[in-house]
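Me: Hi! Could you walk me through this one while I have it open?
Reply: Happy to, let's look at it together.

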Amino acid sequence: MECLRSLAQLLPHVVGLPRRSLCALALGLTPGTRPVVAYGRATELLGRRRAAPLCWPRRLPMTGEIYRNRTSDVSQATLASVSPVFTVTKFDKEGKVTSFERKKTDLYQELGLQARDLRFQHLMSITTRNNRIIMRMEYLKAVITPQCLLILDYRNLNLEQWLFRELPSQLAGEGQLVTYLLPFEFRAIEALLQYRINTLQGKLSILQPLILKTLDALVDPKHSSVDRSKLHILLQNGKSLSELETDIKIFKESILELLDEEELLEELCLTKWSDP
């Protein structure tokens, strides 16, 4: 440990030295160790990124010994080479549901999309690319084609219930969608937007009675003093209400921007381009 402390004190002053000199210094301060061990100990002191260029030699000029270069962490290289896998839930025009897994690279190539199109983001957006509609709404991401709707990696129990109980019938034209006579892509868009609206209304229906109940308790003439615990509850509910207000504002502005873009509205009609 004394050698390692010495190494930690010296390294800030010798960062500019060649790699071999620095590695030799590490070996000198830790006698009897191999370069791999010296690298590992230096990593503990400096962190992997700073230690790697200092103590990982291609070849050390030491008589009678041959050192092989090998990766310091095979698992890291393996993870880097593995493409993310999406769990895809597919809905066709008749409301039939199928689920499958697909690597991200394979999926965006099959759909004719780019890698950035399948990245998750919290902000709501509706975009088109290569006769595909990409919708993002918080944890919900969907890709709409003229023939089917793809939901990527849903991670919410309420969403799961909606996916398998309500959405199939809506897409098949059995629900109360205004667009049930229009092409499939419009039914899919309306169903997703309606789900978002219902989610926001559900949050409001939970918050509103809680806030009103707390306010009534605070102004109740039977209580001569203010209950601080109820003030704390009111503060937390007020914060949640403010977040909900922001979500509603973002949703509303996104829809209004969409309605103002005539070219984007025309691009949303996928059937127009695929079936003249």
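**Chatting through the model**

Reply: Let's start with Glu253, which sits in helix 10 (residues 228-260). One thing to keep in mind is that this is a predicted model.

Me: Thanks! Is Glu253 buried, partly exposed or exposed?
Reply: Glu253 counts as partly exposed, because its relative accessibility is 37%.

Me: And how far is Glu253 from Met124, going by the C-alpha atoms?
Reply: Those two C-alpha atoms are 9.7 Å apart, while the residues are 129 positions apart along the chain.

Me: Switching to the strands. Is strand 5 enclosed or open?
Reply: Strand 5 (residues 140-144) is largely enclosed by the rest of the structure, because five of its five residues are buried.

Me: Which way do the side chains of strand 5 point?
Reply: Leu140, Ala142 and Ile144 point one way, and Lys141 and Val143 point the other way. All of them are buried, Lys141 included.

Me: What does strand 5 pair with?
Reply: Strand 4 (residues 132-137) pairs with strand 5 in the antiparallel sense, over five bridges. Strand 6 (residues 148-152) also pairs with strand 5 in the antiparallel sense, over four bridges.

Me: Nice. Which residues stand opposite each other there?
Reply: On the strand 4 side, Ile134 stands opposite Val143 of strand 5. On the strand 6 side, Ala142 is opposite Ile151.

Me: How many residues lie between strand 4 and strand 5 in their hairpin?
Reply: Two residues lie between them, and Glu138 in that turn has a positive phi of about 55 degrees.

Me: And how many residues does the hairpin from strand 5 to strand 6 run through?
Reply: That hairpin goes through three residues.

Me: New topic: how many salt bridges are there?
Reply: The count comes to three, taking a Lys or Arg side-chain nitrogen within 4 Å of an Asp or Glu carboxyl oxygen.

Me: Go on, what does Arg102 bind to in its salt bridge?
Reply: Arg102 forms a salt bridge with Glu110, and their closest N and O atoms are 3.0 Å apart. Arg102 counts as partly exposed because its relative accessibility is 25%.

Me: And which side chain does Arg129 meet?
Reply: The side chain of Arg129 meets that of Asp117 in a salt bridge, at 2.6 Å from N to O. Arg129 lies in strand 3 (residues 125-129) and Asp117 in the loop between helix 6 (104-111) and strand 3, so this pair ties together parts that are 12 residues apart in sequence.

Me: How do Arg129 and Asp117 differ, buried or partly exposed?
Reply: Arg129 is partly exposed, at 26% relative accessible area. Asp117 counts as buried because its relative accessibility is 5%.

Me: What about Lys272?
Reply: Lys272 and Glu266 meet through their side chains in a salt bridge, 2.6 Å from N to O. Lys272 is partly exposed, with a relative accessible area of 41%, and Glu266 is partly exposed at 37%.

Me: Last one: which residues make the nonpolar surface patch?
Reply: Leu256, Leu259 and Leu265 make the patch, which covers about 250 Å². Leu265 belongs to helix 11 (residues 262-267).

Me: Why can Leu265 count towards a patch?
Reply: Leu265 has a relative accessible area of 31%, and patch residues need over 30% and no salt bridge, so Leu265 passes the area cut-off.

Conventions: Residues numbered from 1 in each chain as written. Predicted model: local features only at pLDDT ≥ 70, side-chain atom pairs only at ≥ 80, totals over all residues. Heavy atoms only, no water. Buried < 20%, exposed > 50% of the residue type's maximum accessible area, 1.4 Å probe, protein only. Pairing = 2+ DSSP bridges. Patch = residues over 30% accessible without salt bridge, like charges linked within 9 Å, V, L, I, M, F, W, Y side chains within 5 Å. Areas by Shrake-Rupley, 256 points an atom, 1.4 Å probe, with all protein chains shown as cover.
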